Amino acid sequence: MTQSHPRISKAVIPAAGLGTRFLPATKATPKEMLPVVDKPAIQYVVEEAVGAGLDDVLMVTGRNKRPLEDHFDRNYELESALQKKGDAGRLAKVQESSDLATMHYVRQGDPKGLGHAVLCAAPHVGEEPFAVLLGDDLIDPRDPLLQRMVEVQEQRGGSVIALMEVAPEQIHLYGCAAVETTEDSDVVRVGGLVEKPDPSDAPSNYAVIGRYVLDPHIFGILRRTEPGRGGEIQLTDALQQLAADEKIGGPVHGVVFKGRRYDTGDRGDYLRAIVRLACEREDLGPDFRTWLRSYVAEEM
């Protein structure tokens, strides 16, 4: 029998990374502000949180990330100029980002890894379960992954992570979960986690992708977690402790995602994400698809 647990309302978005894979574009522009068609990647992530009912958003930032705060703030000069021009369409788009959610910001002073970034959220989150969304993974709004994860956490308690089946030779790029099936076809019980294992040592081909719903006991574990792979405090290491002993903060479950995911953390995948999303836009898709077919036929 399922049990009801407290409603989740807070989302944490770590956004302190340097974006070195996108240099020189990210020398002065946060990688989260790189456009995916005509909207910065970070806005897709905030919209996803809001779509799952999480309208209290804490962004964990670092130096040179001020444009993130500006994007979700009001720009009265721009709004006034658009209003005087009678450009209601663009005015609505500008105002949309500032009206999305209640936004909060905290600085991660030292780049000590994802686990440390999540720990920076402890004073804001308190003793409530909360979601963590990584900006490199964009999840198509037609596939409500986070909403499903919140539902599973409210039913089962503990923590919930997003999993995706990948080719065995790709598992070394991800955190990897050892799993057991449950009565729900899209939910598994997580018995252990390994960060970026060698394919021969991987317990499965279930990769952890950038969505988490976490029990607040994770903060106590993160405070005691020593730096791991790459000299950073790994969130995977803390989740491994939760999975190994559910008395600490409840069980760890995984939601197996089979929907549309756009990886913007890699230059090639970033370009593919733009092409896929542009093709599916009603305002851009028809002309863009026609041009793309012509380009491929002529150049390839």
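Which residue forms a salt bridge with R156, and how far apart are the closest N and O atoms? The partner is E183, and the closest N and O atoms of the two residues are 3.2 Å apart. This is a predicted model, in which local features need pLDDT of at least 70 and side-chain atom pairs count only at pLDDT 80 or more, while totals for chains, interfaces and linings use all residues. Residues are numbered from 1 along each chain as its sequence is written, and side-chain values use heavy atoms, with hydrogens and water left out.

**Salt bridges**

- A salt bridge here is a side-chain nitrogen of Lys or Arg within 4 Å of a carboxyl oxygen of Asp or Glu, and by this rule the count comes to 21 salt bridges.
- In the pair from the opening question, E183 forms a salt bridge with R156. E183 lies in the loop between β9 (175-181) and β10 (187-195) and R156 lies in helix α7, so the two residues tie together parts that are 27 residues apart in sequence.
- Helices (H or I, at least four residues) and strands (E, at least two) are DSSP runs, numbered from the N terminus.
- E183 is exposed, with a relative accessible area of 64%, whereas R156 is buried at 18%; the words follow fixed cut-offs, with buried meaning under 20% relative accessible area, exposed over 50%, and partly exposed in between (1.4 Å probe, protein chains only).
- Another salt bridge joins the side chains of E48 and R211, at 2.7 Å from N to O. Because E48 belongs to helix α1 and R211 to strand β11 (residues 206-214), this pair ties together parts that are 163 residues apart in sequence.
- Both ends of that bridge are buried, since E48 has a relative accessible area of 14% and R211 has one of 0%.
- The side chains of E280 and R142 also meet in a salt bridge, with 2.4 Å from N to O. This pair links distant parts of the chain, with E280 in helix α11 and R142 in the loop between β7 (137-139) and α7 (145-156), 138 residues apart.
- E280 counts as partly exposed at 40% relative accessibility, and R142 is likewise partly exposed, with a relative accessible area of 46%.
- R21, K31 and D136 are linked with one another in a network of salt bridges.

**Helix α11**

- Helix α11 (residues 267-280) has 14 residues and reaches 20 Å from its first C-alpha to its last, which is close to the 20 Å expected at 1.5 Å a residue; the expected span is 1.5 Å times one less than the number of residues.
- At the start of α11, a side-chain oxygen of D266 reaches to within 3.0 Å of the backbone nitrogen of G268.
- The buried residues in α11 are Y270, A273, L277, A278 and C279.
- An α-helix has 3.6 residues a turn, so residues three or four places apart point the same way.
- The cover over the buried residues of α11 includes β2 (35-36), α1 (41-51), β13 (261-263) and α12 (285-299).

**Surface and helix α12**

- W291, Y295 and V296 make a nonpolar surface patch of about 290 Å²; patches are made of residues with over 30% relative accessible area and no salt bridge, where like charges are joined within 9 Å and nonpolar side chains (Val, Leu, Ile, Met, Phe, Trp, Tyr) within 5 Å.
- V296 is found in helix α12 and counts as partly exposed, at 40% relative accessibility.
- R293 also has its place in helix α12, and at 54% relative accessibility R293 counts as exposed.
- Measuring from C-alpha to C-alpha, R293 and A177 are 40 Å apart in space, and they are 116 residues apart in sequence.

**Backbone details**

- The peptide bond from L23 to P24 is cis, with omega near 5°, and P24 has its place in the loop between β1 (10-14) and β2.
- N64 has a phi near 65°, which is a positive value in a residue other than glycine; N64 sits in the loop between β4 (56-61) and α2 (66-71) and is exposed, with a relative accessible area of 64%.
- K196 has a positive phi of about 50° although K196 is not a glycine; its place is in the loop between β10 and β11, and K196 counts as partly exposed at 35% relative accessibility.

Terms used:
Contact means heavy atoms within 4.5 Å. A polar contact is a pair of N or O atoms within 3.5 Å; within protein, one must be able to donate a hydrogen and the other to accept it, and residues adjacent in sequence count only if both atoms are side-chain atoms. Accessible areas come from the Shrake-Rupley method with a 1.4 Å probe; for residues, only the protein chains shown count as cover.
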